[in-house]
Amino acid sequence: MSNKKIEFKLLPNYFKKIGLIIIGITIIAFILLIIFNIQHQREFKGYLGDFVLNGFILGMFIIVFSKEKIEDERVRDFRYKSMAAAFLFGILFTILMPLMDFLFQSEYKTLSAQYIIGVALGIYLINFSAIRHEKQDEE
Amino acid sequence: MKEKDRYQIKLLPNYFKYIDLGIIALDLTFAVVSLYLNDKSLLELNYLMLKSWYGNFIILGLFFYAFSKEKIEDERIAIVRYKSITYAFYSFIVFFFGLILLPSLSGNPDFQYDGRMLIAVMLLIFIVAFLINKRKQLIIR
């Protein structure tokens, strides 16, 4: 894909580490939530749950939008393909989830935007690393 | 982008663009008729889209339109498509920070934004960006 017009701003490479630290902190917070069983305390339930989820998404965002050590045209091509896959998966997920609820006769639930963003970013990261490793192996 | 690999997105045939228009038109007609039969005003259409199946069919229609082939599907169109998907993907950031993170930090913990609304907005951003970029490419040609 040799089109120089497609240039997007990305964060420097060291932001990947910051993203990983944020994800680490949220995982620890999540484990602490379970260990100390804070979930049953009503005043904390919504706020802490949201805090953990948003922190996790923020960490993934930072990793997704930070540069690789060598950011060349090939890596950019992997990015586009991964974004397309994540976008497509997010849409299919949104369309198919209510269908699953209907088929398994469970209650019609509202999908939260955080959930979809989290799933799409996860798919992006998995796809991106899969393409990169596959292409590296081919060389 | 000459090599065809399995990571490349597969597109629907071109005639899905027409199927999409049919789905959206039928969906909106049924939604408006349902409002009329239940004696509710048109202002409740938005609520109906979010809380029932009608919204899903709008997303399905937009999805068919966005991911069906153009009549001439060449490399330029593929580049325009990827570029537009990237714009839509970047809108995640605006959505996340503007409508989720900041409101939740400003003290409304139970606030949850509907995911279907997010996907519908992303699809619209993608379609608009795609049409604008395609037109630009045609002018350059």
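Reader: Where is Glu68(A) found?

Author: Keep in mind that this is a predicted model. Chain A has helices α2 (42-64) and α3, and Glu68(A) sits in the loop between α2 and α3 of chain A.

Reader: Does Glu68(A) count as buried or exposed?

Author: Buried means under 20% relative accessible area. Glu68(A) comes in at 10% relative accessibility, so the label for Glu68(A) is buried.

Reader: And what does Glu68(A) touch?

Author: Let's skip residues up to four places away in sequence. With those set aside, Glu68(A) touches Asn13(A), Lys16(A), Val75(A), Arg79(A), Phe128(A) and Arg132(A).

Reader: At what angle do α3 and α4 of chain A pack?

Author: Take helix α3 (residues 73-103) and helix α4 (residues 113-138) of chain A; their axes lie 8 Å apart. The crossing of α3(A) past α4(A) is right-handed. Among the residues making the contact are Val75(A), Arg79(A) and Phe89(A) of α3(A), plus Phe128(A) and Arg132(A) of α4(A). As for the packing angle of α3(A) and α4(A), that's about 145°.

Reader: By class, how many charged residues does the contact of α3(A) with α4(A) have?

Author: Splitting that contact by class gives 15 nonpolar and 3 polar residues. The charged count for α3(A) with α4(A) is 5.

Reader: How far apart are the axes of α3(A) and α3(B)?

Author: Here α3(A) meets helix α3 (residues 53-66) of chain B at an angle of about 145°. This crossing is left-handed. The contact includes Leu92(A) and Phe102(A) from α3(A), and Trp53(B) and Phe63(B) from α3(B). The axes of α3(A) and α3(B) are 11 Å apart.

Reader: By class, how many nonpolar residues does the contact of α3(A) with α3(B) have?

Author: There are no charged residues in that contact, and 2 polar ones. The nonpolar count for α3(A) with α3(B) is 11.

Reader: How many helices does chain B have?

Author: From the N terminus on, the elements of chain B run α-α-α-α-α. Strands number 0, and helices number 5.

Reader: How far apart are the end C-alpha atoms of helix α1 of chain B?

Author: Helix α1 (residues 16-37) of chain B has 22 residues, so at 1.5 Å a residue the expected span is 32 Å. The model agrees, with the end C-alpha atoms of α1(B) at 31 Å.

Reader: Within what arc do the buried residues of α1(B) fall?

Author: Among the buried residues of α1(B) are Phe16(B), Asp20(B), Ile24(B) and Leu35(B). Looking down the axis, the buried residues of α1(B) line one face of the helix, because they fall within an arc of 120°.

Conventions. Residues are numbered from 1 along each chain as its sequence is written. Chains are lettered from A and ligands numbered from 1 in the order in which they are written. This is a predicted model: local features need pLDDT of at least 70, side-chain atom pairs count only at pLDDT 80 or more; totals for chains, interfaces and linings use all residues. Side-chain values use heavy atoms; hydrogens and water are left out. Helices (H or I, at least four residues) and strands (E, at least two) are DSSP runs, numbered from the N terminus. The expected span of a helix is 1.5 Å times one less than its number of residues. Buried means under 20% relative accessible area, exposed over 50%, partly exposed in between (1.4 Å probe, protein chains only). The arc is that of the directions from the helix axis to the C-beta atoms. Axes are lines fitted to C-alpha atoms, for helices over the stretch in contact, and angles run from 0 to 180 degrees between N-to-C directions. A crossing is left-handed if the near helix is turned anticlockwise from the far one by less than a right angle, and right-handed if clockwise. Contact means heavy atoms within 4.5 Å. Ala, Val, Leu, Ile, Met, Phe, Trp, Tyr, Cys and Pro count as nonpolar, Asp, Glu, Lys and Arg as charged, and the others, Gly among them, as polar.
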